[in-house]
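Okay, thanks everyone, I'll keep this short. I want to walk through the pockets first and then one helix. Have a look at the model while I talk.

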Amino acid sequence: MTPAGRGKRDVSGLLLLDKPPGMTSNAALQRVKRLCAARKAGHTGSLDPIATGMLPLCLGEATKLSAFLLKAEKTYRVTARFGTRTDTGDAAGKAVAETAQRPRDRSQLEAVLSRFVGETEQVPPMYSALKHKGRRLYELARAGQTVERAPRRIRIRLFELEEYSPVEAVFLVACGGGVYVRTLIEDVAEAAGSLAHVSALRRLGVAPFEESGMVTMDRVEAVAAEGFSGLDALLLPADAAVPSLPAVRLSASESFHLQRGNPVAAARGTRPGPVRLYADAQGFIGIGEATIDGQVAPRRLLKPQAEHLPGSE
């Protein structure tokens, strides 16, 4: 009997799935959840069906840290095809406009990219999961409706041209959470006097995770056929999502009071803000908020898991 045929488990951890093309993020999530027989699971930001690459999946108690990965910097390699704009912004959509104009040359395109680096504004696309009066924008778009969308502040840290031809160009993009790469490519093409859509997209990383840590769906399925122990070995501990946060070690007494909602004086010498919390004999227990006076209050607590000490990343 495969693991998927057994009862549900309270398994917790992170899986850095290399999402295959042609599969929605939710379908990938549900497949892994079933294979792991996990009671609870969630992903940390959708990839379009045509896209491949890193889709961090949170199982069990690790779902409580998904917000940190939603906001994390993402790195993409994206291929843009010039001359055609589609309704979805990618190769899965229908052509809605065409032009014979192309970026003049590589240097012109590189000059355009520099305008998008840093803090800018972006209007979300209609084909997105954002809501308007309770309905997803993509639902409205499929019904032929277009509504006003307020621009949102976005941050692009790096935008490089890796390959160029008058037909296609390949870019490397490192950006903050909430950036729609399809819209970014449309905006760049327009600024260069052309039209474009995304013909290929791969997410290389979600900070703090890099491409080398990804696991393919084929690997997950092969390991699942051997039992749960192999699957569990693929999982990262929940605190791997927040290695940059200062670690605070709690005594048994401090842990007792904090897990009952009370702040404790355990963060002296720690900068104010979010911290990782570790309790003796319990390991990582979640996220706290350190204050300027050395207090730490509970912010997002997990059920105790196996010991994972600060500094062991």
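So, this is a predicted model. I'll start with the second largest pocket, whose lining splits into seven nonpolar, seven polar and six charged residues. Its volume comes out at about 310 Å³. There are 20 lining residues, and if you want to find the centre, go to Arg85, Pro125, Met126, Arg149 and Glu186, which are the closest to it. Two elements give two or more residues to this lining, strand E5 (84-86) and helix H5. H5 has the largest share there, with four residues.

Now over to the largest pocket, with about 1,100 Å³ of space. Here 36 residues form the lining, and Ser46, Leu47, Asp48, Tyr180 and Arg182 sit closest to the centre. Which elements supply at least two residues each? That's helix H1 (25-36), strand E4 (74-82), helix H4 (137-142), helix H5 (181-191) and strand E12 (196-206). So H5 turns up in this lining as well as in that of the second largest pocket. By class, the largest pocket's lining has 15 nonpolar, 13 polar and eight charged residues.

Last stop, helix H3, residues 106-114. Its buried residues are Gln108, Leu109, Val112 and Leu113. Why do they end up on the same side of H3? Because they cover an arc of only 140° around the axis. And what covers them? Among the elements that do are E4, strand E10 (152-164), strand E11 (168-175) and, once more, H5.

Conventions. Residues are numbered from 1 along each chain as its sequence is written. This is a predicted model: local features need pLDDT of at least 70, side-chain atom pairs count only at pLDDT 80 or more; totals for chains, interfaces and linings use all residues. Side-chain values use heavy atoms; hydrogens and water are left out. On a 1 Å grid over the protein atoms alone, a cavity is a set of points where a 1.4 Å probe fits but cannot get out, and a pocket is an open set with protein on both sides within 12 Å along at least five of seven lines; lining residues have an atom within 4 Å of a point. Grid points are joined across faces, edges and corners, and a volume is the space filled by probe spheres set on the points. Ala, Val, Leu, Ile, Met, Phe, Trp, Tyr, Cys and Pro count as nonpolar, Asp, Glu, Lys and Arg as charged, and the others, Gly among them, as polar. Buried means under 20% relative accessible area, exposed over 50%, partly exposed in between (1.4 Å probe, protein chains only). The arc is that of the directions from the helix axis to the C-beta atoms. Contact means heavy atoms within 4.5 Å.
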